[in-house]
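Work through the exercises below with the structure open beside you. Try each task before you read its solution.

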Amino acid sequence: MESQIELKCEGMKGRSDAQVIRFVGDLDATNVQTVLEKICNLFNEGKIHIVADFAKLRYVNSTGLGILLHLSKSAKEKAGSFKIANVNENVFEIVEIIGATSLLEIYDTVEEAQASLN
Amino acid sequence: MNDDAPNIEITDIPSMPEVCLVRLNGDLDIDSVSAIDRCFSRHADSTKKHAIADMSNVTLVASAALGKLLGIKRRFVERGGDLVLAAMSLELKMKFVLMGANKIFKIHNDLRSAMNAYAWEVKHETEHIRLSFPSQLAIVPAVRNFVSQVMLHKGYNDRDSFRIETIVDEICNNAVQYGSHEEHDNITLRIKVDWEKVELDAENISDPGKGDMLRMYMNNMKNDVRIHEDEKRGRGLALVKMLASELKADVTDKGTMVHVTKLKEEQVYGISD
């Protein structure tokens, strides 16, 4: 049985090209493909700026991080962005160890991430 | 049962010579106090440093008896052990909570839990767990969650439990990725957990050709685990190396054994209990 992850998408006021996605659950090798497809579909719909809210993302492993980096790169290639906010302490340690803090745009809050789009 | 103390019986536990089992019965009221004291003095000699009280047949504990048990507890604590209570009825447990006695006495749900806790907390014994599961990614989350819960239960803090969960996830994913997927070629995870460290062994049956890939990866793995933007996977064992105190991999034609040791956080920073 794959890990449970739920992606809750919300629009951003005044920005038709942006979405806030709230991650709920665990991101790992069993569900990265589902996450990848869902966000790539948003890119294809023209939602090229993504703010990922990790407040309720309990867990991420190396495969999950690989997908986040891939999404970040894909967004940049489309002149968009993939920003992350509200990363919990445990997850942040994994991101830091693997050296992804310099590759991902990480913010303390969703509001800060949204403000950086303007 | 002792003739002079009808409410109390003290026996040995063969597998734990330094522990005695105290069976208490009925109403422990003011009339029981001197009998309890006499029985403890006579049967729980100085070779016993720990006592487990079976409360399953106790219907009432008066404050005088509670005070006596507290005094006896103190004697055991001075010997480096404790007097713990087990198998109380829910009603009695509620009374203990109301009196605040649950903050003084350790209360275990049953005798087995009390004995296991003694082996773990006082004797610092090692526990072994062996899991065998099919080589499928979908099973790994349940395995890592189980190990994480074991670590929390064993007194490892939230951060350590999370790190160990990550290690288990990565070494099991690795075992699936590089192992055989034949029906009976299960992955075996052995967990050896004690007071200061956990040791993990993940073993798989080799899939021809994949063992060489893993051997090359292990040989090339450097301390720098930094991921690259165009890299979707392949950093799992490098992450394990950074989280663990020791990582070893033995790749043979038959299979792969990844061995990880992770010290408890207090041990890493030199803080002892």
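A residue counts as buried under 20% relative accessible area, as exposed over 50%, and as partly exposed in between. By that scale B:Arg23, at 33% relative accessibility, is partly exposed. Keep in mind throughout that this is a predicted model.

**Exercise 1. Describe the make-up of chain B.**

Step 1. Take the elements. Chain B holds nine helices and 10 strands.

Step 2. Take burial. Of the 273 residues in chain B, 47% are buried.

Step 3. Take the contacts in chain B with a separation of 6 or more. Residues 24 or more positions apart account for 68% of them.

**Exercise 2. Trace the open sheet of five strands in chain B.**

Step 1. Write down the order. The strands run E1-E2-E3-E4-E5, and the pairing is mixed.

Step 2. Find the edges. They are strand E1 (8–13) and strand E5 (107–108) of chain B, each of which pairs on one side only.

Step 3. Look at one pairing inside the sheet. E3(B) and strand E4 (residues 83–86) of chain B run parallel, joined by four bridges.

Step 4. Pick out a residue pair. B:Ala53 has B:Leu85, in E4(B), as its bridge partner.

**Exercise 3. Find where the salt bridge between B:Asp54 and B:Arg23 sits, and say whether each partner is buried or partly exposed.**

Step 1. Check the distance. The two side chains meet at 2.8 Å, N to O. A salt bridge needs a side-chain nitrogen of Lys or Arg within 4 Å of a carboxyl oxygen of Asp or Glu, so this pair qualifies.

Step 2. Place the partners. B:Asp54 lies in strand E3 (residues 50–61) of chain B and B:Arg23 in strand E2 (residues 16–28) of chain B. They are 31 residues apart, so the pair links distant parts of the chain.

Step 3. Judge burial. B:Asp54 is buried, because its relative accessibility is 6%. B:Arg23 is partly exposed, because its value is 33%.

**Exercise 4. Analyse the salt bridge between A:Arg22 and A:Asp53 in chain A.**

Step 1. Read the distance. The side chains meet at 2.5 Å, N to O.

Step 2. Locate both ends. A:Arg22 belongs to strand E2 (residues 15–27) of chain A, and A:Asp53 to strand E3 (residues 49–60) of chain A, 31 residues apart.

Step 3. Judge burial. A:Arg22 has a relative accessible area of 26%, so it is partly exposed. A:Asp53 has 7%, so it is buried.

**Exercise 5. Describe the interface of chain B and chain A.**

Step 1. Count the residues. On chain B, 28 residues are in contact with 30 residues of chain A.

Step 2. Add the area. The two chains bury about 2,500 Å² between them, with 56% of it on carbon and sulfur atoms.

Step 3. Count the polar links. There are 10 residue pairs in polar contact across the interface, with both residues at pLDDT 80 or more. On the side of chain B that touches chain A, helix H5 (140–153), helix H6 (158–178) and helix H8 (236–243) of chain B each give two or more residues. H6(B) gives the most, with nine residues.

Step 4. Sort that side by class. It has nine nonpolar, five polar and 14 charged residues.

**Exercise 6. How many salt bridges join chain B and chain A, and where does B:Arg144 fit in?**

Step 1. Take the count. Between chain B and chain A there are six salt bridges. Over all chains the count is 27.

Step 2. Take one bridge. B:Arg144 meets A:Asp26 at 2.9 Å, N to O. This pair crosses from helix H5 of chain B to strand E2 of chain A.

Step 3. Judge burial. B:Arg144 is buried because its relative accessible area is 0%. A:Asp26 is also buried, at 9%.

**Exercise 7. Place B:Lys262 in its surroundings.**

Step 1. Locate the residue. B:Lys262 is in strand E10 (residues 255–263) of chain B.

Step 2. Judge burial. At 3% relative accessibility, B:Lys262 is buried.

Step 3. Look at its neighbours. B:Lys262 touches B:Arg163, B:Ile164 and B:Leu243, among others. Its side chain also makes a polar contact with the side chain of B:Asp160, at 3.1 Å.

Definitions and conventions: Residues numbered from 1 in each chain as written. Chains lettered and ligands numbered in written order. Predicted model: local features only at pLDDT ≥ 70, side-chain atom pairs only at ≥ 80, totals over all residues. Heavy atoms only, no water. Contact = heavy atoms within 4.5 Å. Buried area = accessible area lost by both parts, 1.4 Å probe. Polar contact = N/O pair within 3.5 Å; in protein donor to acceptor, adjacent residues only side chain to side chain. Nonpolar A, V, L, I, M, F, W, Y, C, P; charged D, E, K, R; others polar. Buried < 20%, exposed > 50% of the residue type's maximum accessible area, 1.4 Å probe, protein only. Pairing = 2+ DSSP bridges. Lists of a residue's contacts leave out its neighbours within four places in sequence.
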